[in-house]
Amino acid sequence: MDQPRTQQDAIALADESNIRFIRLWFTDILGQLKSFSINAAELEDAFEGGMGFDGSSITGFNAIEESDMIAQPDPTTFAVLPWRPEDGGGGVARMFADIRTPEGEPYEGDPRHILRRAEERMHDMGFDHFYVGPELEYFLFRDSRGTEVLDEGGYFDLTTLDAGSDVRRETVLALEKLGISVEYSHHEVGPSQHEIDMRYADALKMADDCMTYRITVKEYAMKYGWHATFMPKPLFGENGSGMHTHQSLFQGERNAFYDADDKFFLSDVGKAFIAGQLRHAREICAIFAQWVNSYKRLVPGYEAPVYVAWSRRNRSALVRVPLYHPGKERATRMELRCPDPACNPYLTFAVLLQAGLEGIEKGYELPDPMETNLYHLTPEQRRERGIVALPETLGEAIDALAESQIAQKALGPHIFDRYVELKRKEWDDYRVQLTKWELDRYLAVL
């Protein structure tokens, strides 16, 4: 099925596919997917004036006295949901919606709007595309009440060890039906851990695709009676789940990161973009690693990098620039290895783009690459080289975010203030918990 481009295309497709209900999807500021359904007969009206709803109960949206919101469906995101087969009563489709105020203005609390605004700044600076290729990892567990794994498989295993290969194949086929191109799918390093890699796309489409990917993975796991989780670190002593994020800027068909005459094949634009993300990494960390549990993954010794540096081969650095292959200029890119798949992709891509553009606009210098294993350096050696680490806890990350001018600029005052408030509350709730580890360690001896 071709992707619709206009409202009329979406209406025709709904008719052709015998669609009875259409779910309008959007996200709250923490990246949780929200939805309400309309009857297909309402589709024309929905396009014309949007559909009203009460936003006061949505996390990070407006207070009850100013709660009226409008969901304006985006026809280019119309897709039939493959896990809702037609039961004689018609199928179900979905569209992402932009959230507007009753006056028709973009709503400042809508994460999709925040990413659109970052893309506008990019266009104003002469770039046409911010391409993003995230790799979202996840675990499959026996059920949602525990962490019983389904297999003891390892990286790229394709044996009976990989109990999830059938559900992974079905998930890939479903994603393709939803208009998402998949490049790879495989078993990951951890037991019962998986990864499906989507082909890179413009940031807004990719943020929509990430939301679609997460719910599709969960729906197909549930079909098998299992539970899929994007929790960053569900198993102690095993690798956590990351979202390595490949990024590049294009001017028309030309990759703005590529320079044939540079020893790293990186242009000044590419270097400054990377320098922007490195310089602001600590202060935007609370966006791409936004949960208490995120910081159980971001610890030295696993595949999650914590040291703010870049490299070409070294996967212990925050940013990796994959080696250039002749004739593959379009593939020149940076890979940020610290985000996790439980982030809000709209806010994450927005702050990454804004940090990179800041580097270009202000002419940030990219330091030399670090090709040694950063985990093997002593704290003194890291200090000598000027290498700092990401925050060690959500509390530390929120303190850094609260002082960040680039984050305020990227998120706007509404989301920035609410986000800091919500995350401070989460950290405070966690800090006062009494854990089994403390009881086991201290009760008998203190």
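This note goes through the pockets and one cavity of a predicted model.

1. Residues are numbered from 1 along each chain as its sequence is written, and side-chain values use heavy atoms, with hydrogens and water left out. Because the model is predicted, local features need pLDDT of at least 70 and side-chain atom pairs count only at pLDDT 80 or more, whereas totals for chains, interfaces and linings use all residues.

2. The largest pocket (an open set of points on a 1 Å grid over the protein atoms alone, with protein on both sides within 12 Å along at least five of seven lines) has a volume, that is, the space filled by probe spheres set on the points, of about 860 Å³. Its lining, meaning residues with an atom within 4 Å of a point, comprises 31 residues, and Glu135, Tyr184, Asp197, His246 and Arg333 lie nearest the centre.

3. Strands here are DSSP runs of E with at least two residues, and helices are runs of H or I with at least four, numbered from the N terminus. Two or more residues of the lining of the largest pocket come from each of β7 (129-141), β8 (182-187), β9 (193-198) and β12 (243-251).

4. The second largest pocket has a volume of about 430 Å³; 14 residues line this pocket, and Phe236, Lys296, Tyr430, Thr435 and Trp437 are the closest to its centre. Here α12 (405-431) and α13 (436-442) are the elements that give two or more residues to the lining.

5. The second largest cavity (a set of points where a 1.4 Å probe fits but cannot get out) holds about 40 Å³ of space, and β1 gives the most to its lining, with three residues.
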